[in-house]
Amino acid sequence: MASKKDETHGMRKKAKETRKKVDETLKDREVELLRITNVDLESVRPQISDDASFNKLIGAVNEATQRNERLADLKKRIIDLGEEVIKVAKEVAGIIK
Amino acid sequence: MKQIYRLLGILFGLIGLGFALTGCSTVPKEVVELSYRMGEDLSALHKSYVKLVHDHFEMLREERMQYLNDEWTPMYIRAWTEDGRLLDVAKGEVVWSEKAGDFVEPIAGKEEEGLLFTIRSWSLAAVEEIEAKKADLMNPLNAQEDLLLSWVNDAFNRLYRGNSAITAHLNSLRKVQEVQDDALAALHLKDLRDKINNVLVTASDTAKKELETVRKADGLLQEVKKKLQKKTENKK
């Protein structure tokens, strides 16, 4: 079974020729329209620094952050441990008395 | 027993001193808050930027659509009506024949069928060409908008990444400081850290003042030098 497009192939070919004719007539107007509605992308492109150096900086900061996190964790554990030691020492002292 | 307490005292004293020496600068909680807020503001700015880009392209699309609807399509329909012999078809004089690839006289007894087929083919072809023209005018703008938005989004994503890395880092400094504060408070040394900081701030202010005095003196010295040079040259 032929599709609608197959059935109308000849007519569509003719319509395309008409389009070419109209495009030719409006050529100057269209060139002007495309010029005024065009965007110079490069002029509005965000000029950001290169990815490699940015990623390097991010990597260094993240590494330092992780170091700080570990340090804070370690210090907290030492303090908790110290408190426990004092508690045990007090208990031991109580028992010894 | 006293010895145990003494040892513990020395141990905590050393830890406290270590904390005090390594943490002379302070990170106020507001700096983390500020950094976090900057992230939120960035998001608002991003949305506004994307809308601005979209609105601009929408305006350009409207301009092209206006040309399509008000100039191109009416001219095309007029030309196609003529080339597609719509009036002759409407009068029943000709019908389109795919077999012949041209307009032919209607077959007797099948005039209505031929008319319907021709009108349908004519309209389908017209709609297809108008849609194709629309795509030709709009697709480049849509592609440009997509590309620009992808650049903008990439740039903002980098700002988000950078800002969140800074926020996380400031937060980690804050955590370290809080732990230090707890330890110093337990050892009654927090005041000592604050005092050290105050002394450093005062020292920094004093250094700034002294630097200005030195700069002034340097300027004066340069002036005297110039005057002496002039006098020497005059004598020669």
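In this predicted model, the domain assignment splits chain A into domain 1, residues 1-38, and domain 2, residues 50-97. The C-alpha centres of domain 1 of chain A and domain 2 of chain A lie 73 Å apart.

**The partner chain**

Now to chain B, which has 5 helices and 2 strands. Read from the N terminus, the elements of chain B follow the order α-α-α-β-β-α-α. Chain B has 236 residues, and 16% of them count as buried. If you look at contacts in chain B with a sequence separation of 6 or more, 75% of them join residues 24 or more positions apart.

Two helices of chain B deserve a closer look: H2(B), residues 29-83, and H4(B), residues 111-186. Their axes are 10 Å apart, and H2(B) and H4(B) pack at an angle of about 175 degrees. Any angle over 145 degrees counts as roughly antiparallel, and H2(B) and H4(B) are therefore roughly antiparallel to each other. By class, the contact of H2(B) with H4(B) has 28 nonpolar, 8 polar and 8 charged residues.

**Where the chains meet**

How many residues does each chain bring to the contact between chains A and B? Chain A gives 45 residues and chain B gives 49 residues. On the side of chain A that touches chain B, at least two residues come from each of helix H1 (4-7), helix H2 (9-25), helix H3 (27-36), helix H4 (41-44) and helix H5 (51-96). H5(A) supplies the largest share of that side, 20 residues. Sorted by class, the side of chain A that touches chain B holds 23 nonpolar, 10 polar and 12 charged residues.

**One helix of chain A against two of chain B**

H2(A) is a nice place to zoom in, with H2(B) as one partner and H4(B) as another. Here are the helix pairs side by side.

| Helix pair | Axis distance | Angle | Relation |
|---|---|---|---|
| H2(A) and H2(B) | within 9 Å | roughly 135 degrees | oblique |
| H2(A) and H4(B) | within 9 Å | roughly 45 degrees | oblique |
| H2(B) and H4(B) | 10 Å | about 175 degrees | roughly antiparallel |

Take H2(A) and H2(B) to begin with. The crossing of these two helices, H2(A) and H2(B), is right-handed. On the H2(A) side, the contact is made by A:Lys14, A:Ala15, A:Thr18, A:Arg19, A:Lys21, A:Val22 and A:Thr25. Facing them from H2(B) are B:Trp72, B:Met75, B:Tyr76, B:Ala79, B:Trp80 and B:Asp83. By class, this contact of H2(A) with H2(B) has 7 nonpolar, 2 polar and 4 charged residues.

Next comes H4(B). H2(A) passes H4(B) in a crossing that is right-handed. From H2(A), the residues involved are A:Met11, A:Arg12, A:Ala15, A:Lys16 and A:Arg19. They meet B:Ser121, B:Trp122, B:Ala125, B:Ala126, B:Glu128, B:Glu129 and B:Lys133 of H4(B). The class count for the contact of H2(A) with H4(B) is 5 nonpolar, 1 polar and 6 charged residues. A:Ala15 and A:Arg19 appear in the contact with H2(B), and A:Ala15 and A:Arg19 also appear in the contact with H4(B).

**Three residues of chain B**

B:Leu60 lies in helix H2 of chain B. Leaving out residues up to four places away in sequence, B:Leu60 touches A:Thr37 and B:Leu141. B:Leu60 has 19 C-beta neighbours inside 10 Å and so counts as partly exposed. Along the sequence, B:Leu60 and B:Ala79 are 19 residues apart, and their C-alpha atoms are 27 Å apart in space. B:Ala79 is one of the H2(B) residues that make the contact with H2(A).

B:Pro28 sits in the loop between helix H1 (2-22) and H2 of chain B. Is B:Pro28 buried or exposed? B:Pro28 is exposed, because 11 other C-beta atoms lie within 10 Å. B:Pro28 and B:Asn171 are 143 residues apart in sequence, yet 9.9 Å apart in space, C-alpha to C-alpha.

B:Arg85 belongs to the loop between H2 and helix H3 (86-91) of chain B. With 20 C-beta neighbours inside 10 Å, B:Arg85 counts as buried. Most residues other than glycine have a negative phi. The phi of B:Arg85, however, is positive, near 50 degrees.

Notes
Residues numbered from 1 in each chain as written. Chains lettered and ligands numbered in written order. Predicted model: local features only at pLDDT ≥ 70, side-chain atom pairs only at ≥ 80, totals over all residues. Contact = placed C-beta atoms within 7 Å. Helix = DSSP H or I, 4+ residues; strand = E, 2+ residues; numbered from the N terminus. Nonpolar A, V, L, I, M, F, W, Y, C, P; charged D, E, K, R; others polar. Axes fitted to C-alpha atoms, helices over the stretch in contact; angles between N-to-C directions. Parallel < 35°, antiparallel > 145°, perpendicular 65-115°, else oblique. Left-handed = near helix turned anticlockwise from the far one by under 90°. Domains from an automatic or database assignment. Buried ≥ 20, exposed ≤ 12 C-beta atoms within 10 Å, placed from the backbone.
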